Amino acid sequence: AHEACLMFFPEGQVKVWLYTEPTDMRRSFDGLSGMVKHQLLEDPLSGQLFVFINRRKTQVKVLYFDRSGYCIWCKRLVQGQFNYSSSATGKQLLDWMQLKLLLEGIDLKNTRQYKRFARS
């Protein structure tokens, strides 16, 4: 179901930042963009994706800016939790596949990426 929503993002080209501290899910556009500036120390207008998860790890919000304004994509789990590792810096850079795995409930710390050929 989330695949249809994620088709809006340019796969492989966009940076994805996971904020690894619990986030109040009552925050919306202004609150989350303020967190991007002050906690993640990133530019919320950059077009990058910023992922926030609540304390119980049952809700996620993804904030991003397209050419005309802020967008928020949300997901609330019926059961289970989103799995990720905390970070000393409070943020973690994810690739596109790691974001998909996170949203599917696959534990990021137990996944392993093998080297693949890439044309330079």
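How many helices and strands are there in the protein? This predicted model holds 3 helices and 5 strands. The views below go from the whole chain to single residues.

**Figure 1. Overall layout of the predicted model.** Read along the sequence, the elements follow the pattern α-β-α-β-β-β-β-α. The protein has 120 residues, and 41% of them are buried. Among contacts in the protein with a separation of 6 or more, 58% join residues 24 or more positions apart. The exposed surface comes to about 7,900 Å², with 49% of it supplied by carbon and sulfur atoms.

**Figure 2. The sheet is open and built from 5 strands.** Across the sheet the order is β4-β3-β2-β1-β5, with mixed pairing. The edge positions are taken by β4 (69-76) and β5 (91-94). Each of these two has a single partner strand, so one side of each lacks a neighbour in the sheet. From one strand to the next, the twist averages 25°.

**Figure 3. The pairing of β3 with β4 is antiparallel.** Strands of a sheet pair through backbone hydrogen bonds, in either a parallel or an antiparallel sense. Between β3 and β4 there are 8 bridges. One residue to look for here is L63, whose bridge partner in β4 is I72.

**Figure 4. T58 sits in the loop between β2 and β3.** The loop follows β2 (49-53) and leads to β3 (59-66). Is T58 buried or exposed? With a relative accessibility of 13%, T58 counts as buried, because the cut-off for buried is under 20%. Neighbours within four places in sequence set aside, T58 is in contact with K75, R76, L77, G80 and F82. Of the strands in the sheet, β4 covers residues 69-76, and the contacts of T58 include K75 and R76.

**Figure 5. C71 and C74 differ in their exposure class.** C71 has a relative accessibility of 18% and counts as buried. C74 has a relative accessible area of 46% and is partly exposed. The buried class ends at 20% and the exposed class begins over 50%, so C74 falls in between. How many disulfides does the structure hold? The number is 0.

Key. Residues are numbered from 1 along each chain as its sequence is written. This is a predicted model: local features need pLDDT of at least 70, side-chain atom pairs count only at pLDDT 80 or more; totals for chains, interfaces and linings use all residues. Side-chain values use heavy atoms; hydrogens and water are left out. Helices (H or I, at least four residues) and strands (E, at least two) are DSSP runs, numbered from the N terminus. Buried means under 20% relative accessible area, exposed over 50%, partly exposed in between (1.4 Å probe, protein chains only). Contact means heavy atoms within 4.5 Å. Two strands pair if DSSP finds at least two bridges between them. Axes are lines fitted to C-alpha atoms, for helices over the stretch in contact, and angles run from 0 to 180 degrees between N-to-C directions. A disulfide is a pair of cysteine sulfur atoms within 2.5 Å. Accessible areas come from the Shrake-Rupley method with a 1.4 Å probe; for residues, only the protein chains shown count as cover.
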